[in-house]
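I opened my notebook beside the structure viewer and jotted down what I looked up, entry by entry. Here are my notes, friend.

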Amino acid sequence: MSKKQITPEEYKAKLEIKKAKSEHFSKIFLGSIAVFLSCVMVFSMVSISYTIMAGMNKGSVTSSGNNVQENNQAVENEQDDPTADWGEDVVGNDPAGENTDENENNNANEEKKPYSTIPEIVELFNTAVNRVKPEATKVIKNYEKRTVNKLELPSALESMSDTFINDVMKDDTEPIVYATKQEIRDNYIVPNQDYSSKLKASDVEKAVCKDNGKEYEVYILVKSEKNPSAGSGVGAVFDVIESNELSEKAPAFLKEFSTEYYNCVVKVNIDKETGRVTHANYSTPLSMNIVVNMLGTHSVAVGVTFEKDYTIYYE
């Protein structure tokens, strides 16, 4: 039986149908690839976020969407001075990072005030805060605030940024009580360590100790640091995300991950009679730069600030 012959008009119509089907498939395919890539990116970011959460004392690293600054300003805004309201007695380290001269901030004709130099303030702070874990009977984390300062995503993910922020970046407003020695050790700063501070005077940018009668109010600004590690620098007194450790646990498509901490401030109240810390507040702004290699190289820049507030009891 001979094959049916088609007319030129029928042949042209078949070509148009084939072309239409091909274009339709291409749109679906390209759309699927875009969705897949977006999912990969979001998965990597969420994985990173939840890894951060585990490292940041089991709290989610989130903030409400309205905390994102509308102008998407640079994370490290040099105009922002966290010490602006600390008063006139603030003492700073010299640019070389050496300890401040004990007489530098005191007039020759005035009697030297106690805890008026960075080494003295750091010693007071370390001694007091390192008594929390062995001596406290209860520590309450009053809250953990998380603010997104910067969020730069590939264009394919921009529409998903609100979901990322709202779902992953919420504040912890419910107080958490740590009532055993083990809970306090594992959850109070620095988590999972026997110490709360290994801070050195050379790590400090500025500091001040105020005497309010019954208490010393200590304020310390730690020097900025890229990719800090626990136990030194910023990591000597704050929770830090260790980029090397995180990179080892991350998916293979995560090619780069780096952090930079800046304007990190710790404030504590120390009872003068007992020498114990009764209240502590830790603020750690940082920027995270992420590079993902999946169907191309894509960069993500995230700037966040964590603020943790604690009340400490000893009876």
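**Entry: the tyrosine rings**

I started with Tyr 310 and looked up its relative accessible area, which is 0%, so I put Tyr 310 down as buried. I kept in mind that this is a predicted model. Tyr 188 also comes out at 0% relative accessibility and therefore counts as buried.

I then checked how their rings sit. Tyr 188 and Tyr 310 make an edge-to-face aromatic pair, 4.9 Å from centre to centre, with 75° between the planes. This pair links distant parts of the chain: Tyr 188 is in the loop between α5 and β4, Tyr 310 is in strand β10, and 122 residues separate them.

I counted aromatic pairs in the model and got six. One of them joins Tyr 188 and Tyr 282, edge-to-face, at 6.2 Å centre to centre and 75° between the planes. Here Tyr 282 belongs to strand β9, and the two tyrosines are 94 residues apart. Tyr 282 is buried, as is Tyr 188. Following the ring pairs, I found a cluster of Tyr 188, Phe 238, Tyr 282 and Tyr 310.

**Entry: strand β9 and its partners**

Which strands pair with β9? I noted β7 (residues 254-261), antiparallel over seven bridges, then β8, antiparallel over six bridges, and β10, antiparallel over 15 bridges.

I looked up a few bridge partners too. Phe 257 stands opposite Ile 290 of β9, Val 266 has Tyr 282 of β9 as its partner, and His 279 is matched with Thr 311 in β10.

β8 and β9 form a hairpin with five residues between them, and Gly 275 in the turn has a positive phi of about 75°. I also asked how much of β9 is buried: 13 of its 17 residues are, so the strand is largely enclosed by the rest of the structure.

**Entry: two threonines**

Thr 284 is found in β9, which runs over residues 277-293. Its relative accessible area is 5%, so I marked Thr 284 as buried. Leaving out residues up to four places away in sequence, Thr 284 touches Phe 238, Tyr 261, Cys 264, Val 304, Thr 305 and Phe 306.

That list led me to Thr 305, which lies in β10 (residues 297-313). Is Thr 305 buried or exposed? Its relative accessible area is 17% and the cut-off for buried is under 20%, so Thr 305 is buried. With the same sequence neighbours left out, its contacts include Lys 145, Arg 146, Thr 147 and Ser 283. The side chains of Thr 305 and Asn 149 are joined by a polar contact of 2.9 Å. I also checked Thr 305 against Ser 283: they are 22 residues apart along the chain, with 7.0 Å between their C-alpha atoms.

**Entry: helix α2**

I checked the length of α2 (residues 118-129): at 1.5 Å a residue, its 12 residues should span 16 Å, and the end C-alpha atoms are 16 Å apart, which agrees. Its buried residues include Ile 118, Ile 121, Leu 124 and Phe 125. The elements that the buried residues of α2 pack against include α3 (132-135), β4 (204-211), β5 (215-222) and β9.

**Entry: the whole protein**

I closed with overall numbers. The protein has six helices and 10 strands, and 41% of its 315 residues are buried. Its accessible surface is about 17,300 Å², with 50% belonging to carbon and sulfur atoms.

Conventions: Residues numbered from 1 in each chain as written. Predicted model: local features only at pLDDT ≥ 70, side-chain atom pairs only at ≥ 80, totals over all residues. Heavy atoms only, no water. Helix = DSSP H or I, 4+ residues; strand = E, 2+ residues; numbered from the N terminus. Buried < 20%, exposed > 50% of the residue type's maximum accessible area, 1.4 Å probe, protein only. Contact = heavy atoms within 4.5 Å. Expected span 1.5 Å × (residues − 1). Areas by Shrake-Rupley, 256 points an atom, 1.4 Å probe, with all protein chains shown as cover. Polar contact = N/O pair within 3.5 Å; in protein donor to acceptor, adjacent residues only side chain to side chain. Pairing = 2+ DSSP bridges. Phe/Tyr/Trp six-rings, centres within 6.5 Å; stacked < 30°, edge-to-face > 60°.
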